[in-house]
There are 2 protein chains.
Amino acid sequence: EEVAKLLELKAQIGDVGTNQKFILKTPKGTRDYNPKQMAIREGVFKTIVDSFKRHGAETLDTPVFELKETLTGKYGEDSKLIYDLKDQGGELLSLRYDLTVPFARYLAMNKINRIKRYHIAKVYRRDNPAMTRGRYREFYQCDFDIAGQYDPMIPDAECVKIVHEILTNLGLGDFVIKVNHREILDGMFEVCGVPADKFRTICSSVDKLDKTFWEDVREEMIEEKGLDPATADNIGQYVKMNGGLELVEQLLQDPLLPTSKAAKQGLEGMRTLLKYCQIFGVLDKVSFDLSLARGLDYYTGVIYEAVLKGSEMLPTKTGEQVGVGSVAGGGRYDGLVGMFDPKGKQVPCVGVSIGIERVFSIMEAKAQAKAEKIRTTETDVLVASGQRDMLEERLKLCTELWDAGIKAEMIYKKNPKMLNQFQLAETTGIPLIAVIGEAELKNGTVTLRNMETRAEEQIPRADLISVIKERCRQISSS
Amino acid sequence: EEVAKLLELKAQIGDVGTNQKFILKTPKGTRDYNPKQMAIREGVFKTIVDSFKRHGAETLDTPVFELKETLTGKYGEDSKLIYDLKDQGGELLSLRYDLTVPFARYLAMNKINRIKRYHIAKVYRRDNPAMTRGRYREFYQCDFDIAGQYDPMIPDAECVKIVHEILTNLGLGDFVIKVNHREILDGMFEVCGVPADKFRTICSSVDKLDKTFWEDVREEMIEEKGLDPATADNIGQYVKMNGGLELVEQLLQDPLLPTSKAAKQGLEGMRTLLKYCQIFGVLDKVSFDLSLARGLDYYTGVIYEAVLKGSEMLPTKTGEQVGVGSVAGGGRYDGLVGMFDPKGKQVPCVGVSIGIERVFSIMEAKAQAKAEKIRTTETDVLVASGQRDMLEERLKLCTELWDAGIKAEMIYKKNPKMLNQFQLAETTGIPLIAVIGEAELKNGTVTLRNMETRAEEQIPRADLISVIKERCRQISSS
């Protein structure tokens, strides 16, 4: 007991001591969202979810952490960025790195072989934060995936359609959706003379082309990864190509590339994908781009990446990316679910992920530039009084309004000044003020003031609810 | 390079090996939400958010982890339940234990001294999970808090009103909102003869009364915490009391309790609180209960706890709680923000937290009992065809519908069977099927089938959008 007492005392002293040296901040690479930012964020989410639902998706949720081994061996060179939890006895856990691996784990665990789902949640990466460009260690992903055995490229093309829809509806300016195919990449490596065991690591090098010059990538391939210079130059010829259906046809006639069975299959798939994109009316924004690689191990077919044009990367010598760059990415991953299934049963999947933090950075900057006033509450009526001893009457009136489903507030003071009440309505954008005082109580009325027009009307108390509802309708439709 | 090659090979073998012994599960105390559960969850959230917004709250968000020291010294004996992240170089981090401490950190960091905010997010506790009773290690909290220097008990009473509103609107059956006051508890300990340095630990014992018999709590006080038996018995007299305004008046006349200045102040505050609850029309569900303690260190004034009546705890000898018990809790914490402010500047706060997992368990059981069909998608139209080679036509029609904002789906097969398309609409509750075939294409029409009435109509293609919108309105209003 004595020890316990001493420990408690020590803890108390510890608390007091902490206050002085304590650094008041959020963890590195994370941030709070203030109410204005939340209002913008919710608008962005609504646009995205509307699109996901328009395409028939249901939603699900998974825990923020997974067993560490669930994430093991899924992310290639990026695995070092996974956050682990401390071993406090019990299971070894890691924070989710994306929503795709938990989705595959969910499918295998529940033996689901067909689903179209969206999932909007935070993921965690111990990356170098670059917060002005929207790169955080905690950030939202908005994922849409289609799992199931279907005919080629139909769900794959719908993913392109969805990205197109969302980027158009968010009004972020012009964009391009780059597409490529893992089989085309593999075939390209094959015909260029890359040894089979180097496909993955050379693919990682190609993946850097969106941030780095070809010369630097070439050097990495030769110096670090031991590639023959002639092989690197062969690759260099291909990865500078991008285009549309005509490029697919041209490459199908290429003397070298279609000699690889993988490349030929990939090109034929690409032809089908682009045809469906044409029917969906989105082909004008799609670019078949042979430099698109994407680092994650689990992709097996089509891969996507959407880039905003105004803010497209300008590769600099420091390797730093300028602008927000990629705002969506994804691809086909037919082998991932099988990695979780005890019998290795495969469920083909394809999906896209919208990188909302980058989108959000742009929307926030736009809102600031327009200096538009963003309301952070939805309150319709401020219940007010300019007279003393009206607290209970204001409480009563609030109760009437709340119980009728009307959004109402009052200042939590016994005798607030009328001016302060007006100012609160003004600064927070509350459109109506319901004023009561001795006169109103005697007459059985409430004075309703429109903050915009400054018009005041005397409303019989019995009619107040219906009049307020009518005024709110008028205001919101004006 | 040789080493790298070997390591890569080893990693590949490792992956294959993993597949066999891998345990396919979510971490202990966590769960996935499937689409049906998500549909229920979203309905519950909507009810809660509607209420928060009706009372003028804005929302904000904070990271899922905080600096470890941000959480240190805030949770008393519960601190051992905090999840820490592994030290991977850099800051020491912990998962948030509640939303209150991050809120206080946010206020101090941004020097905000007045805000009414809600925050719905997951929190993490390494507690003993009891998942059938809705106790998880990862769970949602729905918090509403009012920060600011206001007149006594006005915001405090609004919190009671909000809990009342939410529990009523969720339709969970009868409930009681227990209220007490830290100053009354402290005063009670004082007059009963508890040494000042034991207030906290004795408060923790009292907190167990919702799960344990008084006899066991008394034993803990005497045996473990060294309290004088007479003192424990004095406490026992008080903690069995509960009632309304009449109990407040009775205790203000008590020969012993009001001799403590803290108790007298607390009782007068309680009188004001109950009066405002009466005006808000919620007093019938409020019980002033002297056994309500709440374990967290940071409460300084009113404390709340809402309990569902049907499922109220039946204390058993094993100390296990039966039923879901508490579904909301909170209180006043005037000192917490000051613990973060470099100059110790205080911002008075009061708030409540809705324990959504418990509510959700009940709603899910109810939905199962009623065997009601819950739709997990919002799709209005399935685009279908019974004929071969209609894939491109179905894609075209989907594009038309999507581009007009209509929620539409199709089966991702080149030549799906008509029966399968009907079954998909049937099982997922899609109300309309738009059928195209050679005849429709020739006539420039679409056959629109109502799944409920089985009525079919031939719609000119040019009118399709407006007819579908009209049919959807009719269906949703019927």
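**Exercise 1. Count the salt bridges over all chains, then place one pair in chain A.**

Solution. The rule gives 64 salt bridges over all chains. A salt bridge is a side-chain nitrogen of Lys or Arg within 4 Å of a carboxyl oxygen of Asp or Glu. This is a predicted model, where local features need pLDDT of at least 70, side-chain atom pairs count only at pLDDT 80 or more, and totals for chains, interfaces and linings use all residues. Residues are numbered from 1 along each chain as its sequence is written, chains are lettered from A in the order in which they are written, and side-chain values use heavy atoms, with hydrogens and water left out.

Take A:Glu66 and A:Arg105. Their closest N and O atoms are 2.8 Å apart. A:Glu66 sits in strand β2 (residues 65-67) of chain A and A:Arg105 in helix α4 (residues 100-109) of chain A, so the pair ties together parts 39 residues apart in sequence. Helices (H or I, at least four residues) and strands (E, at least two) are DSSP runs, numbered from the N terminus. Both A:Glu66 and A:Arg105 are buried. Buried means under 20% relative accessible area, exposed over 50%, partly exposed in between (1.4 Å probe, protein chains only).

**Exercise 2. Locate B:Glu165 and B:Arg54, and say whether they are buried or exposed.**

Solution. First, the distance: the closest N and O atoms of this salt bridge are 2.5 Å apart. Next, the places: B:Glu165 is in helix α5 (residues 154-170) of chain B, and B:Arg54 in helix α2 (residues 35-54) of chain B, 111 residues apart. Finally, B:Glu165 and B:Arg54 are both buried.

**Exercise 3. Describe the interface of chain A and chain B.**

Solution. Start with area. The two chains bury about 9500 Å² between them, 56% of it on carbon and sulfur atoms. Buried area is the accessible area (1.4 Å probe) that two parts lose on being put together, summed over both. In chain A, A:Leu24, A:Trp402 and A:Tyr412 lose the most area to chain B, together 9% of what that side buries.

Then count. Contact (heavy atoms within 4.5 Å) involves 105 residues of chain A and 105 residues of chain B. There are 18 salt bridges between the chains. One of them joins B:Lys161 and A:Asp403 at 2.7 Å, N to O. Helix α14 (residues 391-403) of chain A gives the largest share of its side, seven residues.

**Exercise 4. Find the operation that lays chain A on chain B.**

Solution. A turn of 180° and a shift of 0.0 Å along the axis give an RMSD of 0.1 Å. The superposition is by least squares on the C-alpha atoms of residues with pLDDT of at least 70 in both copies. This is the relation of a two-fold axis. The same surface serves both copies: 99% of the contact residues of chain A recur in chain B.
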